[in-house]
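Here is a short set of exercises to work through with the coordinates open beside you. Try each task first, then compare your steps with the solution.

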Amino acid sequence: MEKILLVISLLVFLVSMGTAVLVRRSLVRFTEQLSDCLDAMKAGEKEIDFQEDEETLTGKISVKMRQLYETMELRSEENIRQREQLESMISDISHQVKTPIASIRMYHDLLKREGLEEEKREEFLCAVEHQVDKLEFFMKSMIRMSRLETGIVKVEPEQNSVYELIAQAVCDVALKAEEKEIDIDVSCEESLCAYFDRKWTVEAVFNILDNGVKYTKTGGKLEISAGKTDFFVRIKIKDNGRGIAEARIPDIFKRFYREPESADVEGVGIGLYLAREIVMKQKGFLEVRSKVGEGTEAYVNLPLERM
């Protein structure tokens with residue numbers, strides 16, 4: 001009996017030792033695999049063998065490792081994209097500010113000259129004032145854009161009159177239109193309503209109208225109409241200005257974008273970007289159709305009901 005117990009104890013010991021050796025080997029292999037994966041992740045390698053097909057603890061942990069790696073990759077790509085956007089925006093801002101500042105310095109140097117005629121002095125002072133106004137407009141536009149993008153000011157849609165929206169936007173642009181003898185024709189039922197934030201949406205519609213006035217020749221025309229579709233109220237703004245090449249239409253909604261031919265027209269390239277952002281934040285959308293030499297049609301689609 002004692003011999004049998006001794007044999008059993010010996011067998012148990014040997015099995016335990018064998019199991020311990022196997023476990024140790026498995027742990028060493030798992031540790032090596034884990035170390036290799038971590039080294040590959042650290043090095044930024046794209047093709048990593050996580051060995052996640054095995055129905056083992058190692059395989060299950062490898063699945064989690066792969067998921068962690070994919071999350072890290074997405075965040076890394078997002079950080080790179082945000083950094084590129086920031087660098088691009090800083091470059092654009094620098095470009096927008098550099099020109100008026102250079103002009104102000106130039107006129108300042110001219111004004112310092114002795115014996116300058118009074119007529120020229122007045123001319124240069126007016127030019128300086130114009131450049132200062134341009135800088136002020138740019139800074140105000142940047143502040144509005146920043147407040148909207150960061151959510152400091154929230155767009156709060158509620159039921160409002162579309163007729164009053166159009167009337168306010170037309171009133172704001174009327175002086176510029178009058179200076180260029182541009183007629184504005186409006187067709188909208190007074191009872192027409194939609195869901196939008198009145199203050200911000202007036203700015204969006206004004207920005208579109210302002211662009212229409214800027215790029216329409218003296219004596220031109222703006223036509224504004226509004227009506228219901230299935231789920232939206234569509235405001236159509238049509239001008240008979242210079243028009244936009246079809247290939248460039250997606251670009252006009254980018255921050256600071258200006259067409260090469262528009263150097264003679266005032267602006268900083270934020271208006272349409274802001275207009276689209278404002279409309280999209282209210283679950284609406286903005287469309288533009290245009291042909292060079294035939295004018296442009298912009299469609300502001302605002303929800304009929306709260307979304």
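**Exercise 1. A helix and its surroundings**

Why is H6 described as largely enclosed by the rest of the structure?

*Solution.* Before starting, note that this is a predicted model, in which local features need pLDDT of at least 70 and side-chain atom pairs count only at pLDDT 80 or more, while totals for chains, interfaces and linings use all residues. Residues are numbered from 1 along each chain as its sequence is written, and side-chain values use heavy atoms, with hydrogens and water left out.

Step 1: fix the terms. Buried means under 20% relative accessible area, exposed over 50%, and partly exposed in between (1.4 Å probe, protein chains only). Helices (H or I, at least four residues) and strands (E, at least two) are DSSP runs, numbered from the N terminus.

Step 2: list the buried residues of H6, which are Leu272, Tyr273, Leu274, Ala275, Glu277, Ile278 and Val279.

Step 3: conclude. Seven of the ten residues of H6 are buried, so this helix is largely enclosed by the rest of the structure.

**Exercise 2. The chain as a whole**

Find the order of the helices and strands, and describe how the chain is covered.

*Solution.* Step 1: count six helices and seven strands. Step 2: read them from the N terminus, which gives α-α-α-β-α-β-β-α-β-β-α-β-β.

Step 3: turn to burial, where 35% of the 307 residues count as buried. The chain exposes about 20,200 Å², and carbon and sulfur atoms supply 54% of that area (Shrake-Rupley method with a 1.4 Å probe; for residues, only the protein chains shown count as cover).

Step 4: look at contacts (heavy atoms within 4.5 Å). Among those in the chain with a separation of 6 or more, 69% come from residues 24 or more positions apart.

**Exercise 3. The nonpolar cores**

Which elements each supply at least two residues of the largest nonpolar core?

*Solution.* Step 1: define a nonpolar core as a set of buried Ala, Val, Leu, Ile, Met, Phe, Trp, Tyr and Cys residues joined through side-chain atoms within 4.5 Å.

Step 2: take the largest one, which has 39 residues; Val162, Ile166, Ile208, Leu209, Ile235 and Leu302 have the most contacts inside it.

Step 3: assign the elements. Helices H4 (162-179), H5 (198-214) and H6 (271-280) each supply at least two residues, and so do strands E3 (193-196), E4 (221-228), E5 (232-239), E6 (285-291) and E7 (295-303).

Step 4: zoom in on Ile235. Leaving aside neighbours within four places in sequence, its contacts include Val162, Leu165, Ile166, Ile224, Val300 and Leu302.

Step 5: set apart another core, of nine residues, among them Phe138, Met145, Phe256 and Tyr273.

**Exercise 4. A polar side chain under cover**

What does the side chain of Gln282 reach?

*Solution.* Step 1: place Gln282 in the loop between H6 and E6. At 2% relative accessibility, Gln282 counts as buried.

Step 2: search for polar contacts (pairs of N or O atoms within 3.5 Å; within protein, one must be able to donate a hydrogen and the other to accept it, and residues adjacent in sequence count only if both atoms are side-chain atoms). The side chain of Gln282 reaches the backbone oxygen of Ile278 at 3.1 Å. A polar atom of that side chain also lies 2.4 Å from the backbone nitrogen of Asp197.

Step 3: add the residues touched by Gln282, not counting those up to four places away in sequence: Val155, Pro157, Phe196, Asp197, Thr201 and Pro303.

**Exercise 5. Links between E5 and E6**

Identify the aromatic pair and a salt bridge joining these strands.

*Solution.* Step 1: pair the rings of Phe, Tyr and Trp (its six-membered ring) if their centres lie within 6.5 Å; planes under 30 degrees apart count as stacked, over 60 as edge-to-face and the rest as tilted. The whole structure yields one aromatic pair. The ring centres of Phe232 and Phe285 are 5.1 Å apart and the planes stand at 85°, so the pair is edge-to-face. Phe232 lies in E5 and Phe285 in E6, so the pair ties together parts 53 residues apart in sequence.

Step 2: check cover. Phe232 is buried at 14%, whereas Phe285 is partly exposed at 32%.

Step 3: apply the salt-bridge rule (a side-chain nitrogen of Lys or Arg within 4 Å of a carboxyl oxygen of Asp or Glu), which gives six salt bridges. Arg234 and Glu287 meet at 2.9 Å, N to O. This pair links Arg234 in E5 with Glu287 in E6, 53 residues apart. Glu287 also forms a salt bridge with Arg289, at 3.8 Å between the closest N and O atoms.
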